[in-house]
Amino acid sequence: MAKCGHPICPDTNCALKHPFNRGRRNTCNAVQRCISNSCSTLKALGPSGFTLYDVCIGHCNGSPTSANYPTKYATPDAYLCANFNAVDLVDYFGINPCQANESDTKVGQLKATTASDNTQTQVALLFIGAVAAILLIIFYNR
């Protein structure tokens with residue numbers, strides 16, 4: 001295993017790793033192209049993106065005939081949507097590339113609960129303010 005935990009890492013020098021075996025060198029280069037083309041944009045997603053990036057590197061190190069091989073998909077978002085649950089991507093990674101319904105996610109449910117609580121708080125404050133205003137009017141006129 002290389003230092004990234006996979007047989008081939010983004011910084012692996014394929015020519016030095018396999019100087020006398022063209023087949024392995026070509027496979028190594030193909031894995032690195034996969035990582036570069038399909039996985040590199042996942043790092044831009046922040047700390048959660050590095051986890052997805054690492055999983056993507058693992059998929060690139062797998063068989064090119066595998067259903068989850070990243071280059072089979074037109075975009076990184078298509079790869080994410082095909083290999084991960086859309087709700088989990090929102091809840092655990094904070095991204096929504098699959099356009100998951102927000103009401104199905106914990107984040108969406110939390111926002112809805114917060115909005116409901118804010119509405120109830122505003123109604124309560126208006127009621128308290130109205131009662132205070134009525135009491136002030138009554139005591140002021142005495």
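How many of the 142 residues of the protein count as buried? The share is 24%. Keep in mind, as we walk through the structure, that this is a predicted model.

Let us start with the overall build. The protein holds 6 helices and 0 strands, so to speak an α-α-α-α-α-α pattern when read along the sequence. Its radius of gyration is 27 Å, whereas a compact globule of 142 residues would come out near 14 Å. The C-alpha atoms tell a similar story of extent: along the principal axes they fill a box of roughly 105 × 25 × 20 Å. Among contacts with a separation of 6 or more, 32% join residues that are 24 or more positions apart.

The surface comes next. About 9400 Å² of the protein is accessible, and carbon and sulfur atoms own 60% of that area. As for charge, there are 11 positive and 8 negative side chains, with 15 Å between the centres of the two sets.

Now for the interior. The largest nonpolar core is made of 18 residues. Ile35, Cys39, Leu42, Leu52, Tyr53, Cys60 and Leu80 are the members with the most contacts inside this core. Helix 2, helix 3 and helix 4 are the elements that each give two or more residues to the core. In soluble globular proteins, nonpolar side chains tend to be buried together.

Two residues make good places to zoom in. Ser38 sits in helix 2, and Leu80 is one of the core residues named above. The table lists their contacts, leaving aside neighbours within four places in sequence.

| Residue | Contacts beyond four places in sequence |
|---|---|
| Ser38 | Arg33, Cys56, Pro70, Thr71 and Pro76 |
| Leu80 | Leu42, Leu52, Leu89, Ile95 and Pro97 |

Is Ser38 buried or exposed? Ser38 counts as buried because its relative accessible area is 8%, under the 20% cut-off. Leu80, for its part, touches Leu42 and Leu52, which are also among the core residues with the most contacts.

Another partner of Leu80 is Leu89, and that leads us to helix 5, which covers residues 86-93. Which residues of helix 5 are buried? They are Leu89, Val90 and Asp91. After helix 5 comes Gly94, with a positive phi near 70°. A little further along the chain, Ile95 and Pro97 are in contact with Leu80 as well.

Terms used: Residues numbered from 1 in each chain as written. Predicted model: local features only at pLDDT ≥ 70, side-chain atom pairs only at ≥ 80, totals over all residues. Heavy atoms only, no water. Helix = DSSP H or I, 4+ residues; strand = E, 2+ residues; numbered from the N terminus. Rg over C-alpha atoms; globule rule 2.2 N^0.38 Å. Buried < 20%, exposed > 50% of the residue type's maximum accessible area, 1.4 Å probe, protein only. Contact = heavy atoms within 4.5 Å. Areas by Shrake-Rupley, 256 points an atom, 1.4 Å probe, with all protein chains shown as cover. Lys, Arg positive; Asp, Glu negative; His and termini not counted. Charge placed at Lys NZ, Arg CZ, Asp CG, Glu CD. Core = buried A, V, L, I, M, F, W, Y, C linked by side-chain atoms within 4.5 Å.
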